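Trainee: Could you take a close look at the interior of this one for me? I'd like one connected walk-through, with the cut-offs spelled out as you go.

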Amino acid sequence: MPESEFFSMREENIERASKALKAMGHPLRLKILCVIGDRELPVMDIVEQVGTSQSNVSQHLDILREKDIIASRREGSRILCKVKNPDLLNLMNAMQQTFCPS
């Protein structure tokens, strides 16, 4: 996207991007998104990998769901979560390359 197009984003898109980035900006929510990545994971797997309580993870998953960042579905007794928009995975990859150089 040419620079001039980037700076002429519509106001509604700027608001949507700002809300999503604010939600993703919390360290635990960003860690949750990194754990999920491009997979669909049960909440308990996320809890184990993140290393905090199930209730804490669930609260942050609710925020990510409210901001339309993740989707979840029930399968039997499990709740499975995934990143809703594949473009967010590209953003996360760019952040990893920027902030976590190997």
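**From the surface to the core**

Mentor: Let's start outside: the chain exposes about 7,100 Å², and carbon and sulfur atoms supply 52% of that. Areas here are Shrake-Rupley values with a 1.4 Å probe, and for residues only the protein chains shown count as cover. Keep in mind that this is a predicted model, where local features need pLDDT of at least 70 and side-chain atom pairs count only at pLDDT 80 or more, while totals for chains, interfaces and linings use all residues. Residues are numbered from 1 along each chain as its sequence is written, and side-chain values use heavy atoms, with hydrogens and water left out.

Now the layout. The chain has 6 helices and 3 strands, running α-α-α-β-α-α-β-β-α along the sequence. Those elements are DSSP runs numbered from the N terminus: H or I over at least four residues for a helix, E over at least two for a strand. The C-alpha atoms fill a box of roughly 50 × 35 × 20 Å along the principal axes. Of the 102 residues, 26% are buried, meaning under 20% relative accessible area; exposed is over 50%, and partly exposed is in between.

On to the part you asked about. The largest nonpolar core holds 22 residues, and Ile32, Leu33, Ile36, Ile46, Leu61, Ile69 and Ile70 have the most contacts inside it. Such a core is a set of buried Ala, Val, Leu, Ile, Met, Phe, Trp, Tyr and Cys residues joined through side-chain atoms within 4.5 Å. At least two residues come from each of α2 (11-24), α3 (27-36), α4 (43-50), α5 (54-66), β3 (78-83) and α6 (86-99), with α3 giving the most, 5 residues.

Zoom in on Leu33. Setting aside residues up to four places away in sequence, Leu33 touches Met24, Leu64, Ile69, Ile70, Val83 and Met92; a contact means heavy atoms within 4.5 Å. Chain-wide, residues 24 or more positions apart make up 51% of the contacts with a separation of 6 or more.

Two of those Leu33 neighbours lead into the sheet: Ile70 has Val83 in β3 as its bridge partner. The sheet is open, antiparallel and ordered β1-β3-β2, with strands counted as paired if DSSP finds at least two bridges between them. Its edges are β1 (41-42) and β2 (70-75), each pairing on one side only. There are 6 bridges between β2 and β3 and 2 between β1 and β3; Pro42, for one, is partnered with Leu80 in β3. β2 and β3 make a hairpin with 2 residues between them, and Gly76 in the turn has a positive phi of about 65°.

One last backbone detail: most residues other than glycine have a negative phi. Asp68, though, has a positive phi near 65°. Asp68 sits in the loop between α5 and β2 and, at 45% relative accessibility, counts as partly exposed.

Definitions and conventions:
Buried means under 20% relative accessible area, exposed over 50%, partly exposed in between (1.4 Å probe, protein chains only).
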